Amino acid sequence: MIDKRVGDPAQAVADVKDGDTVLIGGFGEAGSPIELIHALIDQGARDLVVASNNTGNGQVGLAALIAAGRVRKMICSYPRSSNSRVFPELYRKGQIELELVPQGTLAERIRAGGAGVPAFFTPSSVGTVLAEGKEVREFEGRPYVMERWLRADFALVKAELGDRLGNLTYNKTARNFGPIMCMAARTAIVQVSRIVEPGGIDPEVVVTPGVFVKRIVEVANAAHESVLVAQGVTYP
Amino acid sequence: MTAELIHAGLTRDEMARRAARDIPDGAYVNLGIGIPELVAAHIPPGREVIYHTENGVMGFGPPPPEGEEDPELINAGKKPITLLPGASFFHHADSFAMIRGGHIDFCILGAMQVARNGDLANWSTGAPGAIPAVGGAMDLVAGAGRIVVITEHCAKDGSPKLVDACTYPLTGRGVVARVFTDLAVVDVTSEGFVLREIAPGVDLDTVRRLTGAPLLAAAGIKTIEP
């Protein structure tokens with residue numbers, strides 16, 4: 001029998017190794033898998049390369065993982081926000097690397113990684129500093145820059161409903177990078193608000209088919225980053 | 001003395017209202033953060049416009065009343081939104097396929113600098129110690145149908161934002177079609193900047209003085225109806 005359910009976030013992230021590449025879902029706080037990230041902080045893996053659209057807020061979730069010194073490099077489109085102090089401070093001190101990627105290129109690199117396409121050509125960033133050193137080729141008279149796939153050891157994703165087979169739905173704009181990150185990781189770990197029986201999600205509305213998911217853990221009433229930040233919570 | 005104190009000009013809402021008149025009925029539109037966000041409130045009656053936000057919604061509406069915000073229903077500026085009937089959600093790769101694939105008709109962005117050849121700089125000053133953050137700006141200018149800019153004519157320090165060549169790092173080359181400022185509507189053409197419309201109470205010499213590149217005057221310059 002296939003059963004991808006695991007008991008708690010700690011078990012779900014137990015085998016992340018030092019130096020692994022980890023995709024972390026979320027656009028701002030929407031879709032940020034706070035409980036899985038906190039479990040990863042407790043687990044202790046270091047020198048991680050993390051791809052995520054932002055760098056977290058306050059001293060919880062992704063910002064806390066970075067503050068704990070576990071991240072060697074961020075691959076990111078927008079490492080700034082009103083409440084984001086941790087990454088900027090480490091970056092200015094030269095204590096964390098940044099690979100800045102246009103948001104759509106980040107998404108397509110992840111999608112390509114999941115789809116088995118090692119590289120693609122995009123018009124985004126042509127003629128800018130973010131295309132420096134990359135191959136540019138003309139197609140039908142227009143220049144495009146070559147970008148490579150982004151694959152990872154793990155993905156940490158937040159979804160809404162899931163079943164033991166790994167089929168998922170998402171909640172509103174918390175979907176963002178979740179579906180493509182599940183595709184691009186060797187081990188996609190998903191926290192869901194509720195686990196249902198197989199068949200409990202209409203096949204017509206499954207967003208991520210279970211084939212892309214390795215582990216699923218129920219986290220009812222997941223924390224919202226902005227609420228934790230407003231309460232002054234710091235992790236650990 | 002700042003630019004605002006030495007000339008008349010449009011308010012932010014008046015700039016947004018003028019820009020909104022350019023959006024055709026039926027357009028799929030992406031609005032950048034800042035003054036561009038104000039445009040949605042000024043679409044002329046009788047036009048149906050559908051708004052895309054690159055974090056994954058087509059068909060969003062105004063912000064919710066206070067107390068009804070949902071942290072998982074936000075726009076690209078990470079602000080709470082509502083949905084209109086007929087809205088849809090999608091993941092990031094699909095959202096940027098809409099942008100790069102040419103499915104978004106009209107995009108209104110802010111700017112730090114626009115050059116007379118249409119180059120746009122709106123993501124970084126390139127200053128040492130600045131945290132570079134690009135978001136979706138480079139994808140939008142590479143893929144959306146018509147790219148227009150709304151911006152104050154001059155920066156806060158009084159320096160022109162319409163320039164001969166951008167000194168800040170570029171977002172895209174030759175991408176801007178038109179600029180709406182508090183003083184004027186300026187087109188980017190193969191001849192450079194062309195003044196099409198001018199704000200009430202502002203004269204051509206003033207606009208030229210505050211523009212950092214040659215500014216051609218179109219035949220029959222119109223006054224902007226605020």
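**Sheets, a buried glutamate and two cores**

Mentor: Let's start in chain B of this predicted model. Three of its strands make an open sheet, ordered β7-β6-β9, with mixed pairing.

Trainee: Which strands stand at the edges there?

Mentor: β7 (120-121) and β9 (162-163) of chain B. Each has a single partner strand, so one side of each has no neighbour in the sheet.

Trainee: And how does β6 of chain B run against β9(B), parallel or antiparallel?

Mentor: Parallel, with two bridges joining β6 (residues 113-115) to β9(B). V114(B) has L162(B) in β9(B) as its bridge partner.

Trainee: Switching to chain A, what about β6 and β7 there? How many bridges join them?

Mentor: Four, between β6 (residues 136-139) and β7 (residues 142-148) of chain A, and this pair is antiparallel. E138(A), for instance, is bridged to P143(A) in β7(A).

Trainee: What happens between the two strands of that hairpin?

Mentor: Two residues lie between β6(A) and β7(A), and E140(A) in this hairpin takes a positive phi near 50°.

Trainee: I also spotted E147(A). Where is it?

Mentor: E147(A) is in strand β7 of chain A.

Trainee: Is E147(A) buried or exposed, and why do you say so?

Mentor: Buried, because its relative accessible area is 3%, and the cut-off for buried is under 20%.

Trainee: What does the side chain of E147(A) make a polar contact with?

Mentor: With the side chain of K134(A), at 3.0 Å. Setting aside neighbours within four places in sequence, E147(A) also has contacts that include T105(A), R109(A), F120(A) and S125(A).

Trainee: New topic: how many residues are in the largest nonpolar core?

Mentor: It has 59, and I23(B), V39(B) and L120(B) have the most contacts inside it. Not counting residues up to four places away in sequence, V39(B) touches A16(B), A19(B), A20(B), I23(B), L31(B), I108(B) and I150(B). Another core, of 36 residues, lies apart from the largest one, and its members include L48(A), L90(A), L130(A) and L156(A).

Trainee: Last one, the overall picture of chain A. How many helices and strands?

Mentor: Seven helices and 10 strands. Its radius of gyration is 18 Å, close to the 18 Å given by the globule rule for 236 residues, so chain A is as compact as a globular protein of that length. The C-alpha trace spans about 50 × 40 × 30 Å along its principal axes.

Trainee: And what share of chain A is buried?

Mentor: 57% of the 236 residues. The accessible surface of chain A is about 9,600 Å², and carbon and sulfur atoms account for 47% of that.

How values were computed
Residues numbered from 1 in each chain as written. Chains lettered and ligands numbered in written order. Predicted model: local features only at pLDDT ≥ 70, side-chain atom pairs only at ≥ 80, totals over all residues. Heavy atoms only, no water. Pairing = 2+ DSSP bridges. Buried < 20%, exposed > 50% of the residue type's maximum accessible area, 1.4 Å probe, protein only. Polar contact = N/O pair within 3.5 Å; in protein donor to acceptor, adjacent residues only side chain to side chain. Contact = heavy atoms within 4.5 Å. Core = buried A, V, L, I, M, F, W, Y, C linked by side-chain atoms within 4.5 Å. Rg over C-alpha atoms; globule rule 2.2 N^0.38 Å. Areas by Shrake-Rupley, 256 points an atom, 1.4 Å probe, with all protein chains shown as cover.
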